[in-house]
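User: Could you take one part of this model and walk me through it closely? I'd like to see how the pieces around it fit together, in plain bench language.

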Amino acid sequence: MQVSTEPKTEDRLGLDIVTGTELSQKGFLGLRKTKLVCTVGPACSSYDELEKLALGGMNVARLNMCHNNQDWHRDVIRKIKKLNREKGFCVSVMIDTEGSQIHVADHGAPSSLKAEDGSIWYFTTEKFDGCRPFTIQASYEGFAQGIKEGDELVVDGGMATFEVIERVGNDLRCKCIDSGLLLPRAKLSFWRDGKLVEKHHELPTLSTKDWSDIEFGISEGVDFIAMSFVKDADGVKHLKNYLSTKNKFIKVLAKIESLESLHKLEEIVEASDGIMVARGDLGVEIPLEQIPTVQEKIVDLCRLLNKPVIVASQLLESMIEYPTPTRAEVADVSEVVRQYADALMLSGESAVGLYGDKALSVLRTASARMELWSREENQQPSVLQRELGFSLPDQIAEQTCNCAAQMANNLGVDAILVYTRHGQMASLLSRNRPNPPIFAFTDEQNTQMALNLQWGVVPVLVDLCDDMDANIHRTTELIKSIGMLKQGDAVLIVSDVIPTHATRTVYQSLQVKVI
C-alpha cells in the first residue's frame, strides 16, 4: 500500500493518513478491521523506523517497561506524538508494566549467556556489581522459599532448564539439564513433579517500580496501561480508581499470563477495559496443548463482555531472524483473526527483530485476507447470548447497536457512521462484528485514541454540536467531498451524542441514509 507521508491540510474530515489512503484504494469493505499493536524496542525506536511502522498500519505502539529507562521511553512517546501531530497518523500509546515476577536481575553479560548441559550455576539474591562466573542474580529476595532439591528451574518457558541440587540459605545451586540461552531479565519459574510451583501469590500485582512507571505514563499522556501478572479483579479496580482520582481517561488492560488469572478470568475481564492474552508466559504455567482452546475461550469471553482483546506472543517469532514467516505462523495469525480478536501484537519481532516492518506487513495482509474470506464464505460471528446493560439507557444502547449491526449486514450498507462522545455505542457496534466498517465521529481525543483498539472501528476526531442533523449533514458531505460516497450509496447512522441540556434516554437514534 503506497502512502504519502505529507499531511493533507485540506482533508478536513480528520481521517488518519493510513486509513484515508487504504479507503481510497480499497473502498469501505476493503478496510482492515483487525487492529495491529507493535512493541517498540531498540530495532525500531528511531523517528524514521517508527514512521515506517505507522505507515505499515500500526494502530498502537507498546512500550515494555521491563526494558530501558524512563528517559528512553519518554523519547519514544514524544516521537510518536510528533508523528501523529505533524504527519497525520493516529497511533495510540500503551505502556506495559513489569509486574511482580521472578526474573534474572543481572547475569553480568550485555546480551546473553549460554548454559551448557551439566554445568553448575549459582542463583543468588545477593547484589553485586560486575560479573561472577556461572552466577545469576535473581530479582526477588524470597525466590527460593519453598523450593526443594530436585525441583526444576525453568528459564523463559524452556529456553534453558536447571535441576536444583542444593539450597544455600536463600540461594540455589543448580545443574543445567537442558542447555540454552540466558537472556537479560529472563523469567524464572519452578516445577515439581510436572506441575508449576505457584509463587505469584507472594508478590504484589504492582511493585514500587510499576507505580513509578504508572506516574510516568500519566505525565506523558499514554492511552493504555497493560498490567502484568494480574491475579484477580482487585488490582485492576485499584489502578482504575487511582486513575479516576487523577481525572485521567487511561484505559487499563489486564494481561492473562498465569494460572491464577485463568481461575478468576471472568471477574478480571469484567473489571478491566481490555485484555491481553500473553501466550508466552501463559504457556509456562499451563500445558502447551491447552493454549489454543484457552486462547479461544478468552477471546470469546471478551467479545461477550464487550472488552477489546489483544492476542500476543510469538505470532511471527521466526521473523526476529528471518525475512519470511513459517507457514504455521501465518496459519496461527489467520486463526486469531478468524476468532474475531480485536488486535494482533508483535513483540520481539518489532522490538529487536531484523525485519519488523516485514513482520507488520505479514500481519496486515494475512488479517485482511482472512477477513475477506470470512465475508465471502458468509462466516458469521457467534450470536451474543448475554445482555450487558443494567440501566434502561444502557439496555436501549445495546439493543440499538445489536439491531444496527444486523440491519447493516442485511441491507448491505456501505458503512456505519456513529456519533459518540465517550465511545459506548461504537464499542457496542464493534462487539457485533458487522461487515461494513464503523466510522466513529467524536470530539474527545481520549475517546478517539481508546477506540483505536476496537475491531472494525475507524475513530475520527471532529467537532460535534447538539444538532444531530447538522452533524450528519456535515460529515457525510465531507466524505462525499473526498470521493468516498456517491449517489445511491447507503450508510447506517447511530448516535449517542446527548445535548448538554437533555437527559440521555432521549438521544439514542438509528437511521439509514441514502446519499
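Analyst: Here is a close look at one helix, followed by the sheets and a few single residues that give it context.

Keep in mind that this is a predicted model. The part I'd pick is helix 5, which covers residues 233–245. It has 13 residues, and the distance from its first C-alpha to its last is 19 Å, close to the 18 Å expected at 1.5 Å a residue.

Which residues of helix 5 are buried? They are Ala233, Gly235, Val236, Leu239 and Leu243. These residues sit on the same side of helix 5, because they cover an arc of only 165° around the axis. Turn to the face pointing away from that buried side and you meet the exposed residues Asp234 and Thr245.

So what lies over the buried residues? The cover includes helix 4 (208–220) and helix 7 (265–271), along with strand 14 (224–227) and strand 15 (251–256).

The two ends of helix 5 are worth a look too. At the N-terminal end, Asp232 acts as a cap, with a side-chain oxygen 3.1 Å from the backbone nitrogen of Asp234. Asp234 is also one of the exposed residues on the outward face. Just past the other end, Asn247 takes a positive phi of about 55°.

Now for the barrel. Strands 14 and 15, which help cover helix 5, belong to a closed barrel of eight strands. Its order is 1-2-3-14-15-16-17-18, and the pairing is parallel. From one strand to the next, the twist averages 25°. Helix 3 (residues 70–87) packs on this sheet, where it touches strand 2 (60–64) and strand 3 (92–96). The direction of helix 3 makes about 175° with that of strand 2.

Elsewhere in the barrel, strand 17 (residues 309–312) and strand 18 (residues 343–346) run parallel and are joined by two bridges. Ile310 has Ala343 of strand 18 as its bridge partner.

Two loop residues next to barrel strands make good close-ups. Ser45 is in the loop between strand 1 (35–39) and helix 2 (47–55). Is Ser45 buried or exposed? With a relative accessible area of 13%, Ser45 is buried. If you set aside neighbours within four places in sequence, Ser45 is in contact with Val40, Leu50, Trp72, Val76 and Lys79.

Met319 sits in the loop between strand 17 and helix 10 (327–338). Its relative accessible area is 0%, so Met319 counts as buried. Not counting residues up to four places away in sequence, Met319 touches Thr324, Pro325, Leu354, Tyr355, Lys358, Ala359 and Val362. Met319 also shows how the chain folds back in space: Gly356 is 37 residues apart from it in sequence, yet the two C-alphas are 7.7 Å apart.

Further along the chain there is another sheet. This one is open, with five strands in the order 21-20-19-22-23 and mixed pairing. Strand 21 (457–461) and strand 23 (509–514) are at the edges and have a single partner strand each, so one side of each is left without a neighbour in the sheet. On average, neighbouring strands here are turned by 20° against each other, direction ignored.

Strand 20 (residues 438–442) is largely enclosed by the rest of the structure, because five of its five residues are buried. Both of its faces are covered. Ile438, Ala440 and Thr442 are on one side, while Phe439 and Phe441 are on the other.

Strand 19 (residues 415–419) runs parallel to strand 20, with four bridges joining them, and Val418 stands opposite Ala440. Strand 19 also runs parallel to strand 22 (residues 490–495), and five bridges join that pair. There, Leu417 is opposite Ile493. Helix 16 (residues 468–481) lies across strands 19, 20, 22 and 23, running at about 140° to strand 19.

One last residue is Ala397, which is found in helix 13 (residues 392–411). Ala397 is buried, with a relative accessible area of 0%. In sequence Ala397 and Val494 are 97 residues apart, while in space they are 9.6 Å apart, C-alpha to C-alpha.

Back to the part we started with: helix 5 has its buried residues on the same side, and the cover over them includes strands 14 and 15, which are members of the eight-stranded closed barrel.

Methods: Residues are numbered from 1 along each chain as its sequence is written. This is a predicted model: local features need pLDDT of at least 70, side-chain atom pairs count only at pLDDT 80 or more; totals for chains, interfaces and linings use all residues. Side-chain values use heavy atoms; hydrogens and water are left out. Two strands pair if DSSP finds at least two bridges between them. Axes are lines fitted to C-alpha atoms, for helices over the stretch in contact, and angles run from 0 to 180 degrees between N-to-C directions. Contact means heavy atoms within 4.5 Å. The expected span of a helix is 1.5 Å times one less than its number of residues. Buried means under 20% relative accessible area, exposed over 50%, partly exposed in between (1.4 Å probe, protein chains only). The arc is that of the directions from the helix axis to the C-beta atoms. A polar contact is a pair of N or O atoms within 3.5 Å; within protein, one must be able to donate a hydrogen and the other to accept it, and residues adjacent in sequence count only if both atoms are side-chain atoms.
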